[in-house]
Amino acid sequence: MEPSAVASPMTPAHLRASSLSCFEGLPNIKLVPVSEVEAELGLGEGRTNLNFIASDDKAGIKWFVRIGLDLPAYGVTRSKEQAAAKAAAASGVGARVIHAELPDALVTAFVDGRALTDEQVKIATGGKDNALLEALMAAIRQLHDTPLPSEMQQSGTTPAAVRWVPPDLVRWIEYARIGGFNRLSFLNDADALINQIETECMPPWSPGDPRFCHFDLLPDNFVVHDTRAAGGENIAVTIVDYEYANVGTPLMDLAVLSMGCELDAAEESRLVSSYLQCDQLDEGGAARFHALKLLATLRETMWGVVAEVSGSSVLTPEQAAAYTDKNFAKYQAARAQFEADVAAQRFHQ
């Protein structure tokens, strides 16, 4: 790739992206930072990677390039992310992987469409766009049916070893404590809360067998190509960004999506029943799902805390603190609802 073909300035990430072996013999490739075109193309924003669009109109190439090293503070390894991306692509729910190069590069086909929005999810779960809801839930079920690559499988994993709690959450809590985080006091009873939810609130529900889970299933990690506006009938959904993919239980992915979109009880019930292809949740089921949503808010809050303590995201310290505070407000609201559910003994129904 000729230097003139690469957008300026030549940051270290730009230089790294331009040097990838998949661009050899493609002198007309242009690299544009996603930050310059995310609004125009309807893309989500990255918080731990530097991303680029690689294109060559003559060769008919349009690729998405992710540059990012391992993130020890988050437990993120690029070998596992790349394996997860390849597995999702093979199952038909992820973007085709063009090139993977350790320690830091992943190139996938650019997916036509736009990032899903909170508003679209609320409309779909509000009963006003059943076609979109069905397409989203079909994609998530397909994701969860993806065979686990060896890089994601935990040694000796059994159904009894799968927990409701997201696998990164306990690690992040311990990391924050060791790092001396004390700006907010919610860490004091986090272990007791997790234990209460898992042992007292979730039964008789079971986390089930180990499944392929995303654990960052926020709206902007769905790319939706909706042909209805142009007179078509198809809605294609691609799920992207497998940085936090891990073995887990599928309902936690739904809890993360609900948390991210701030769905109300009726919208949550429609989300879960559509995914499970069953009747609406009863009162006890609704309370259990809300308990999972509480864990999701705690996890997202902890993501911000780890960003504050480690400085290993692309966020500034001020942005990291703001991210923590925004999600801590969600945690506080979810915690209040959880305590109300416990007081009303809804988990025993």
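Here is a short chat about the predicted model above.

User: Hi! What should I know about the model before I start?
Analyst: It is predicted, so local features need pLDDT of at least 70 and side-chain atom pairs count only at pLDDT 80 or more, while totals for chains, interfaces and linings use all residues. Residues are numbered from 1 along each chain as its sequence is written, and side-chain values use heavy atoms, leaving out hydrogens and water.

User: Cool. How many residues are in the largest nonpolar core?
Analyst: There are 83, and Phe186, Tyr242 and Met302 have the most contacts inside it. A nonpolar core is a set of buried Ala, Val, Leu, Ile, Met, Phe, Trp, Tyr and Cys residues joined through side-chain atoms within 4.5 Å. Buried means under 20% relative accessible area, exposed over 50%, and partly exposed in between (1.4 Å probe, protein chains only).

User: Which helix gives the most to this core?
Analyst: Helix H10 (residues 283-310), with 13 residues. Helices are DSSP runs of H or I with at least four residues, strands are E runs of at least two, and both are numbered from the N terminus.

User: New topic: where is Asp241?
Analyst: Asp241 sits in the loop between strand E9 (235-239) and strand E10 (246-248). Its phi is positive, about 70°, although Asp241 is not a glycine.

User: Is Asp241 buried or exposed?
Analyst: Asp241 is buried, at 18% relative accessibility.

User: And what about phi of Gln345?
Analyst: Gln345 also has a positive phi, near 55°. Gln345 lies in the segment after helix H11 (317-343) and is exposed, with a relative accessible area of 51%.
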